[in-house]
Amino acid sequence: MPIEAKSLNEECGLFGIWNQKHAAYLTYDGLHALQHRGQEGAGIVANQNGHLKRHKGLGLLTHVFNKPEYLESLPGKAALGHVRYSTAGSHGIENIQPMMFTGIHAYPFALAHNGNLTNAKTLRKQLTDDGQTFKASSDSEILGKLIENNPKPNFIDRLKDSLNQIRGGFAFILMTPDSMIAALDPNGFRPLVIGKRDDGSTIICSETCALDQVHAKYVRDVEPGEIVIVNDDGIKSEKFTDNTELSVCSMEYIYFSRPDSVIRGVSVSRARHRMGQILAKEQPTPNADVVMAVPNSSFEAAIGYSTASGIPFDMGLVKNQYVARTFIEPTQSEREHGVRMKLSVVRPAVEGKNIVLVDDSIVRGTTSKYIVRLLKANGAKSVNVRIASPVLKFPCFYGIDIRTADELIGAHYSVDGIRKQIESDSLGYLSVNGLTKAIGHLSNNQYNGLCTAYFDGNYPTKLYDYQKEFDEEAKDLGLYKGMKA
Ligand SMILES: O=P(O)(O)OC[C@H]1O[C@H](OP(=O)(O)OP(=O)(O)O)[C@H](O)[C@@H]1O
Ligand SMILES: NC(=O)CC[C@H](N)C(=O)O
Ligand SMILES: [Mg+2]
């Protein structure tokens with residue numbers, strides 16, 4: 001199974017549409033705009049007069065739907081699609097979504113999930129002890145199993161009960177014979193938006209870039225703790241809990257989401273610009289000749305740095321758009337090979353220059369180290385690395401597949417230690433305050449509406465099944481040393 005040797009792996013993408021005669025085709029187009037969120041597999045379930053039918057497979061969307069008959073075989077006026085990057089369970093076909101369920105009520109439904117459940121292990125054990133069997137190994141199947149086995153006669157009641165049992169990061173879209181239903185976790189970690197097309201169809205999807213793709217207008221974001229029910233009677237909103245506290249994953253703004261998306265009223269592209277501008281103020285580089293980006297995700301931050309500092313921007317690095325894929329789990333040497341296959345240098349832009357190299361993040365340090373060496377080998381006088389986010393030193397349990405701090409260079413070294421490792425002349429990071437300022441105030445709560453746990457260890461929820469292991473690791477690596485826990 002081909003896995004791209006990336007450092008930060010994207011999350012899943014969801015797209016659902018109700019009341020459109022070409023529902024599966026528009027879902028395909030919408031998923032195409034969300035392909036950056038997951039490349040391991042894709043699937044679409046169509047709803048034709050209450051009958052649910054699915055096609056799914058491993059690999060990119062274009063690969064899974066590489067014959068016209070696959071979409072032709074999915075007629076119906078509603079559809080639900082998913083692109084997957086795994087955070088739990090294997091990379092196998094059994095974990096590719098949407099997943100389908102029926103259960104004791106003989107009421108079929110399909111389910112698509114973005115995020116990661118923090119109490120999946122416990123719930124899985126409880127369900128298994130109760131005699132349930134699972135088809136997949138990911139966490140996503142758990143919500144389906146809970147709904148299937150809940151005795152309440154009404155589907156929404158079964159869903160509410162089940163949503164109140166799961167913990168962690170979750171944006172769900174479900175397709176039943178008569179409704180499309182979306183739900184968002186009480187912290188709203190993952191983006192989820194509602195849109196409308198002029199033809200009267202309603203769309204719910206992960207990012208606004210997918211709304212633009214299918215010519216839909218943005219209506220609003222789904223709220224934490226909310227259930228949105230779309231059917232032939234219109235749109236209805238309910239809550240499964242009032243115990244909510246918005247803390248959107250800041251990594252969505254820094255790296256994951258597409259720059260043309262808008263999350264909770266904040267343009268991802270403009271937020272990255274501001275991260276670069278604030279970084280230029282916090283971490284100036286006197287006497288530099290040129291600002292360069294590490295394509296693709298740091299372009300906006302680098303342009304922001306250049307605008308705020310007055311140092312001209314230039315393209316010193318080129319990214320091969322035909323991404324090299326490896327056929328084994330990424331190892332360190334695979335990653336180095338991956339970066340080499342991906343990035344090359346424009347020598348005349350680099351030779352004899354003092355360079356400010358802006359990237360959005362350092363995970364393991366593979367990319368920065370390789371680029372610093374590459375730029376120096378091409379005659380750069382100095383390479384000053386500036387990172388448009390704070391030091392990444394804590395793992396994420398809500399949907400990014402950094403499950404242990406051990407793999408993060410920021411968990412092992414001080415900023416100067418990292419500088420030595422990546423062999424740069426200087427290194428500077430954006431502060432957590434700077435990051436929060438760049439994104440803006442999303443809420444008046446203690447988190448300003450943002451999860452910055454990867455940088456400050458301030459997790460907005462208990463970590464449940466992961467807590468013990470995390471506490472031990474945090475202690476071993478001294479992650480909170482010198483920090484207010
Ligand atoms: O320190 P490292 O472990 O090397 O990881 C950091 C790099 O990973 C991400 O980019 P990625 O290569 O995934 O691709 P993109 O920016 O082109 O999306 C990120 O934007 C950094 O450039
Ligand atoms: N990246 C995601 O959102 C993944 C969803 C789910 N946890 C899975 O592993 O399939
Ligand atoms: Mg990058």
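Two strands are said to pair if DSSP finds at least two bridges between them. With that definition in place, good morning; I shall present a predicted model, beginning with one such pair.

Strand 2 and strand 5, the latter covering residues 78–84, run antiparallel and are joined by six bridges. Within this pairing, G13 of the chain stands opposite V83 in strand 5. Helix 1, residues 23–33, packs on the sheet and touches strand 2, strand 3, strand 5 and strand 11, and its direction makes about 25° with that of strand 5.

Let us now view that sheet as a whole. It is an open sheet of seven strands in the order 4-3-5-2-11-10-12, and the pairing is antiparallel. Which strands stand at its edges? They are strand 4 (51–58) and strand 12 (217–221); each has a single partner strand, so one side of each is left without a neighbour in the sheet. From one strand to the next, the twist averages 15°. As a general point, side chains in a regular strand alternate between the two faces of the sheet.

I turn next to C12. UniProt, in an unreviewed entry, lists C12 under "active site". The same residue number opens another annotation: the unreviewed entry assigns residues 12–233 to "domain: Glutamine amidotransferase type-2". That span is 24% helix and 33% strand, and its end C-alpha atoms lie 29 Å apart.

C12 itself sits in the loop between strand 1 (3–4) and strand 2 (13–18). Is C12 buried or exposed? A residue is called buried when 20 or more other C-beta atoms lie within 10 Å of its own. C12 has 26 C-beta neighbours inside 10 Å and therefore counts as buried. If we leave aside its neighbours within four places in sequence, the contacts of C12 include R37, G38, H82 and V83. R84, Y85, H113 and N114 are also among them.

C12 appears again around ligand 2. This ligand is surrounded by 17 residues, of which E11, C12, S86, N114 and S138 are the closest. The shell around ligand 2 divides into three nonpolar, 11 polar and three charged residues. Strand 7, residues 109–117, provides the largest share of this shell, with four residues.

Strand 7 leads us to the second sheet. Here six strands form an open sheet in the order 6-7-8-9-13-14, again with antiparallel pairing. Its edge strands are strand 6 (99–101) and strand 14 (234–239), each of which pairs on one side only. The twist from one strand to the next averages 20° in this sheet.

We may follow the sheet from strand 6. Strand 6 and strand 7 run antiparallel and are joined by three bridges; F101 has F109 in strand 7 as its bridge partner. Strand 7 then pairs with strand 8 in the antiparallel sense over eight bridges, and A112 has I173 in strand 8 as its bridge partner. Strand 8 in turn is joined to strand 9 (residues 180–184) by five bridges, also antiparallel. In that pairing, F172 stands opposite A183 in strand 9. Strand 8 and strand 9 form a hairpin with four residues between them.

Why is strand 8 described as largely enclosed by the rest of the structure? Eight of the eight residues of this strand, 168–175, are buried, so the description follows. Helix 5, residues 141–148, lies across strand 6, strand 7 and strand 8, and runs at about 10° to strand 6.

I close with some details of the backbone. Most residues other than glycine have a negative phi, and most peptide bonds are trans. The peptide bond from Q97 to P98 is cis, with omega near -5°, and P98 lies in the loop between strand 5 and strand 6. Another cis peptide bond joins P295 and N296, where omega is about 0°. N296 is found in the loop between strand 18 (290–293) and helix 10 (299–309).

As for phi, H215 has a positive value near 60°. H215 is located in the loop between helix 7 (208–213) and strand 12, and counts as exposed because it has 12 C-beta neighbours inside 10 Å. Y464 also has a positive phi, of about 50°, although it is not a glycine. Its loop runs between helix 16 (453–456) and helix 17 (467–477). Y464 has 18 C-beta neighbours inside 10 Å and so counts as partly exposed.

Terms used:
Residues numbered from 1 in each chain as written. Chains lettered and ligands numbered in written order. Predicted model: local features only at pLDDT ≥ 70, side-chain atom pairs only at ≥ 80, totals over all residues. UniProt positions renumbered as here; feature names shortened; annotations may be inferred. Helix = DSSP H or I, 4+ residues; strand = E, 2+ residues; numbered from the N terminus. Contact = placed C-beta atoms within 7 Å. Near = placed C-beta within 6 Å. Nonpolar A, V, L, I, M, F, W, Y, C, P; charged D, E, K, R; others polar. Axes fitted to C-alpha atoms, helices over the stretch in contact; angles between N-to-C directions.
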